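Please open the model in your viewer and keep the selection tool at hand. The stops below go from one selection to the next, with a word on what to look for at each.

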Amino acid sequence: MLIRRYLALEVAYTLLATLLVLLGIIFVQRLAMYLSQAASGLLSQNAILGLLGLQMLRFATELLPLSFFIAALMTFGRLYRDSEMSAMFALGVSVNDLYKSLLIISIPISIVLVGLNFYVIPKNVQFQHDLQTKARKDAQLNIFKAGVFRELMGGKHVIYVGKIADNGTELVDVFVKSLEDSGKISITTAKTGRQSIDADTGIRFLHLFDGGRYEVEHDLSKDKDKEIMVTFKSMRLKIDQTPPLKSLSTDARSTKDLIKDYTHNSAAELQKRLSGPLSLFILVLMIPSLAHSRPRDGRYNRLILGVIIYVIYFNLLKIGEAWLHKEMIPMILGLWWVHLVMLSLGLYMRYKRNNLLS
């Protein structure tokens, strides 16, 4: 019992460290993405921390099985290399004791994952979508500042606003320098302007009023430049190249709704939510065999093999999920075939390991 607790604690400490490292990498990547969007006027700065917190919770649930798998492989691999595992076997510790020590951790984690995947994460996705939508609308009010040149759409437009009206939405004395797809440069000026977001596409536009547009076009017949000046009462300019927010998918639907409306899409989502907890127990079967190494073996050889197996497992689940969404396989088959394949591999590894010890 003491050895089981020792093994479980060693795995738990490594699991925590592994999860924090993986979350740290994703945190930095997401922070850079949100800061870039905020700098481009596509996201309100006030929403960044909230979005990061929601994203970290969602990624934590997805990374827990992988973190547990890596932590167990690293812990058991170190014990094998340091001959501690050999000493434990000499004292009467069996392979079943290794499995029991892993179950001490995997069972609580699987219960937490069930609660998160089936109840918490759907609400998290809904809240994140609402927060992003609000942050996008709030950014519309802050994208332009009086007396400051603003570059949009990757440099396609450079916009200058002389003044912002007291209502905070009307732009006064607007100047726009645009690089057309043909390579020509056009200059647009307008007395006033305002922003809007298309309700159907979610793309942002700048509406200009009482202005003119100046272009220089090369006349091939006369081999000289021709100036074109057009005046307008109103003009609409696209200033957003980022794809609009996608509509809510089945990720945000409650478990109760998915069970009531049991279609291929609902089955794919329900089985995806169950895959995390279920995969933990299948991975547990593989860990003692994958972690087994000799003192002179490479330090990360077994870990690399384990990660490859996990990547194959993960990608097979994604393939099965896509097939379910496209109704290419029956709902009764679903993702179960992937779990059965990996379960068979796990049982085979355990069988080979038991034969080796005997």
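**A tour of rings and helices**

Begin by selecting Trp-323, which counts as partly exposed at 33% relative accessibility; bear in mind throughout that this is a predicted model.

Before going further with that residue, consider the aromatic pairs, of which a search of the whole structure finds three. One of them is formed by Phe-149 and Tyr-160, a tilted pair with 4.8 Å centre to centre and 40° between the planes. Because Phe-149 belongs to strand β1 (residues 149-152) and Tyr-160 to strand β2 (residues 157-164), the pair ties together parts that are 11 residues apart in sequence. If you colour by accessibility, Phe-149 is exposed, with a relative accessible area of 55%, whereas Tyr-160, at 25% relative accessibility, counts as partly exposed.

Now return to Trp-323 and add Trp-337: the ring centres are 5.8 Å apart and the planes lie at 20°, so this pair is stacked. It links distant parts of the chain, with Trp-323 in helix α7 (residues 301-325) and Trp-337 in helix α8 (residues 336-357), 14 residues apart.

Stay with helix α7 and display helix α2 (residues 48-81) as well, since their axes come within 9 Å and cross at roughly 155°. That angle makes α2 roughly antiparallel to α7, and the crossing of the two helices is right-handed. To see the contact itself, show side chains in α2 including Leu-66, Phe-69 and Leu-73, and in α7 including Leu-303, Val-307 and Tyr-310, which are among the residues where the two helices meet.

As a last stop, select Arg-236 and Phe-205, where the charged end of Arg-236 sits over the ring of Phe-205, 3.8 Å from its centre.

Note on methods: Residues numbered from 1 in each chain as written. Predicted model: local features only at pLDDT ≥ 70, side-chain atom pairs only at ≥ 80, totals over all residues. Heavy atoms only, no water. Phe/Tyr/Trp six-rings, centres within 6.5 Å; stacked < 30°, edge-to-face > 60°. Helix = DSSP H or I, 4+ residues; strand = E, 2+ residues; numbered from the N terminus. Buried < 20%, exposed > 50% of the residue type's maximum accessible area, 1.4 Å probe, protein only. Lys NZ or Arg CZ within 6 Å of the ring centre and 35° of its normal. Axes fitted to C-alpha atoms, helices over the stretch in contact; angles between N-to-C directions. Parallel < 35°, antiparallel > 145°, perpendicular 65-115°, else oblique. Left-handed = near helix turned anticlockwise from the far one by under 90°. Contact = heavy atoms within 4.5 Å.
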